[in-house]
Amino acid sequence: MNQTLLPFPIKLLPDSINITLQPYLTTKRGVLFNSDCLDLLRSIKSESIHCIFADPPFNLGKNYENGLTDELEHNEYLEWVYAWLEESIRVLVPGGSLFVYNIPRWLIDIGHFLSQRMTFRHWIAITMKNTYPRGNNLYPAHYGLLYYTKGKPRVFNKLRVPIPVCRHCGKEIKDYGGHRHALNDEGLNLTDFWEDTSPVRHNKFKTRVANELKPMIPERAILMSTNPDDIVLDPFGGGGSTFQMAEKNRRHWIGSEVGPCEPIAERLQFFIGTEFGVPIASILRAAFR
Ligand SMILES: C[S@@+](CC[C@H](N)C(=O)[O-])C[C@H]1O[C@@H](n2cnc3c(N)ncnc32)[C@H](O)[C@@H]1O
């Protein structure tokens with residue numbers, strides 16, 4: 001385990017549980033572990049998390065600088081995915097939400113697995129730019145974000161997006177068939193096709209090896225499916241976009257990242273000015289076994 005950003009060790013699990021889990025950093029709202037996601041999930045009590053946002057490696061042979069291979073056999077990859085999905089379902093509260101971001105190839109199997117255990121809500125298509133076709137294939141132009149709930153959704157906040165305008169002249173693109181006046185001033189209802197997720201990244205954060213998500217993606221998932229003070233868990237921290245958005249929107253959060261955690265600490269410090277090394281929030285402590 002890497003050095004932590006904590007001034008003191010924190011004991012979260014009783015001795016009877018054979019998992020070593022020492023936080024890497026704590027904030028007033030969150031706790032991050034430099035550990036494997038299965039160790040984290042297995043340390044969490046059943047029915048204690050409100051939302052899980054998971055953006056795992058896609059098994060495309062990327063170098064995440066975490067010492068793990070991103071090129072498993074087809075079935076081996078899916079077995080690993082099913083293991084953390086099973087644990088994710090266990091730790092969600094009734095009505096809690098699970099979002100899984102991946103390429104369509106894997107989401108087909110993931111959706112099949114989840115549909116036997118959870119309630120399907122949406123397959124959200126998110127435009128993917130600057131890709132290239134591999135071999136004899138169509139040009140891939142979208143990623144998918146699967147959205148399931150554990151039974152009937154506990155929270156569903158309707159989100160609105162600004163009315164689209166031409167980026168050259170600034171005028172609205174559509175005439176809404178003469179019904180423009182009937183549109184809500186706060187914008188259009190968010191659809192299941194997201195092509196407006198422009199990067200909101202600062203130059204400083206563009207050089208990570210593992211591509212971090214545009215923060216708007218986890219932010220929408222969080223806003224849609226949780227209320228302030230709820231707990232969001234992200235098993236694959238990466239550059240920390242989920243944690244940044246949880247902090248920004250006043251949600252509690254728990255995360256793991258098996259590779260370097262420094263980029264997450266830097267991001268939280270840069271965007272949020274987060275104070276580290278504080279005692280763990282009681283609502284988070286109560287989520288551990
Ligand atoms: C696609 S990236 C996530 C990016 C993240 N959503 C963001 O926006 O920054 C996947 C991350 O999962 C991490 N990872 C891979 N296997 C893991 C495991 N078993 N447990 C925890 N983290 C893991 C990788 O090191 C990588 O940083």
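**A mixed sheet and the helices around it**

Pro-23 has its bridge partner in strand 2, where Phe-33 takes that role. The strands and helices named here are DSSP runs numbered from the N terminus, with helices being H or I runs of at least four residues and strands being E runs of at least two. This is a predicted model, in which local features need pLDDT of at least 70 and side-chain atom pairs count only at pLDDT 80 or more, whereas totals for chains, interfaces and linings use all residues. Residues are numbered from 1 along each chain as its sequence is written.

The bridge between Pro-23 and Phe-33 belongs to the antiparallel pairing of strand 1 with strand 2 (residues 30-33), which three bridges hold together; two strands are said to pair if DSSP finds at least two bridges between them. The sheet as a whole is open and has nine strands with mixed pairing, in the order 1-2-11-10-3-4-6-5-9. Strand 1 (23-26) and strand 9 (193-194) stand at its edges, and because each has a single partner strand, one side of each is left without a neighbour in the sheet. Helix 2 (residues 74-91) packs on this sheet, where it touches strand 3 (49-54) and strand 4 (92-102), and its direction makes about 150° with that of strand 4. Such angles run from 0 to 180 degrees between N-to-C directions, and the axes are lines fitted to C-alpha atoms, for helices over the stretch in contact.

Strand 11 (252-256) is paired in the parallel sense with strand 2 over four bridges, and it also runs parallel to strand 10, to which four bridges join it. Val-31 stands opposite Ile-254 of strand 11, while Val-232 stands opposite Trp-253 of that strand. Strand 11 is mostly covered, with five of its five residues buried; a residue counts as buried if 20 or more other C-beta atoms, placed from the backbone, lie within 10 Å of its own, as exposed if 12 or fewer do, and as partly exposed in between. In a regular strand the side chains alternate between the two faces of the sheet. His-252, Ile-254 and Ser-256 point one way from strand 11 and Trp-253 and Gly-255 point the other way, and all are buried.

Helix 4 (216-225) and helix 5 (residues 241-248) come next. Helix 4 is mostly covered, since eight of its 10 residues are buried, and these pack against strand 3, strand 4, strand 5 (119-127), strand 6 (142-149), strand 10 and helix 5. Helix 5 is likewise mostly covered, with seven of its eight residues buried, and what covers them includes strand 2, strand 3, helix 4, strand 10 (231-234), strand 11 and helix 6. Just after helix 5, Arg-250 takes a positive phi of about 60°.

The axes of helix 5 and helix 6 (residues 262-272) come within 9 Å and cross at roughly 30°. Phe-243, Gln-244, Glu-247 and Lys-248 of helix 5 make this contact with Ile-264, Arg-267, Leu-268, Phe-271 and Ile-272 of helix 6, where residues are in contact if their C-beta atoms, placed from the backbone, lie within 7 Å. The residues of this contact divide into five nonpolar, one polar and three charged; Ala, Val, Leu, Ile, Met, Phe, Trp, Tyr, Cys and Pro count as nonpolar, Asp, Glu, Lys and Arg as charged, and the others, Gly among them, as polar.

A second helix pair is formed by helix 2 and helix 3 (residues 104-115), whose axes come within 11 Å and cross at roughly 40°. Leu-78, Val-81, Tyr-82 and Leu-85 in helix 2 meet Asp-109, Ile-110, Phe-113 and Leu-114 in helix 3, and the residues of this contact comprise seven nonpolar, no polar and one charged.

Leu-183 lies in the loop between strand 7 (160-161) and strand 8 (188-189). With 13 other C-beta atoms within 10 Å, Leu-183 is partly exposed. If its neighbours within four places in sequence are left aside, Leu-183 is in contact with Ile-163, Tyr-176 and Leu-188; Ile-163 and Leu-183 are 20 residues apart in sequence and 9.1 Å apart in space, C-alpha to C-alpha.

Finally, there is the ligand, around which lie 21 residues, with Glu-212, Leu-213, Phe-236, Gly-238 and Gly-239 coming nearest; a residue is near a molecule if its C-beta atom, placed from the backbone, lies within 6 Å of it, and the rule for a strand is alike. The residues of this shell divide into 10 nonpolar, seven polar and four charged.

Conventions. Two residues are in contact if their C-beta atoms, placed from the backbone, lie within 7 Å.
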